[in-house]
Amino acid sequence: MIRLENILTPGRSLVNVPGGSKKRVLEQIANLVARELPDLDGQDIFESLVAREKLGSTGFGNGIAIPHCRLPGCSAPISALLRLDAAVDFDAIDGAPVDLLFVLLVPEAATDEHLELLRQIASMLDRSEVRERLRQAQSNDILYQVVVDVQSGH
């Protein structure tokens, strides 16, 4: 069973990311991941995320989005967590703008394990006190630590 803190890193947990637009945010995610994982191509990541959004927004209410996609060349799940400095319109189901994004990139041969990770992320972000802690985190490290704490039941 993969745990979220094993696929997320402090370096991929960012507070006060400039928002702008949905497209701009997806670009930032792609650049962030590609910077940390040079084997992956930022343009591929961006295009895969955009293609997934075209199937239906990954904004699932309460200011949360879980952009996710299958990614060629990706060998294990990768996650990133961003809190925007200003919420952006993400075509979310409740119409609310999004300021918290939990990203999940998985290998092309996606498995039940990957669906399980998405469920873990969604159920974690479903809890208002978790969203509150993520929104109040003052630094990248604290943002990451919230996920670790929540995963270990604190």
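**Helix α2 and strand β5**

User: In this predicted model, which residues of α2 are buried?
Analyst: Helices (H or I, at least four residues) and strands (E, at least two) are DSSP runs, numbered from the N terminus. Buried means under 20% relative accessible area, exposed over 50%, and partly exposed in between, with a 1.4 Å probe and protein chains only. In α2 the buried residues are Lys 22, Val 25, Leu 26, Gln 28, Ile 29, Ala 30, Leu 32, Val 33 and Ala 34.

User: Which elements do the buried residues of α2 pack against?
Analyst: Residues are numbered from 1 along each chain as its sequence is written, and side-chain values use heavy atoms, without hydrogens and water. Local features need pLDDT of at least 70 and side-chain atom pairs 80 or more, while totals for chains, interfaces and linings use all residues. With contact taken as heavy atoms within 4.5 Å, the partners of these buried residues are β1 (13–17), α3 (42–55), β5 (78–88) and β6 (98–107).

User: How far apart are the end C-alpha atoms of helix α2?
Analyst: The expected span is 1.5 Å times one less than the number of residues. The 15 residues of α2 (residues 22–36) should therefore span 21 Å. This agrees with the distance between its end C-alpha atoms, 22 Å.

User: Over how many bridges do β5 and β6 pair?
Analyst: Strands pair if DSSP finds at least two bridges between them. β5 pairs with β1 in the parallel sense over three bridges, with Leu 82 as the bridge partner of Leu 14. Towards β6 the sense is antiparallel, and Ile 78 stands opposite Leu 105. The number of bridges between β5 and β6 is seven.
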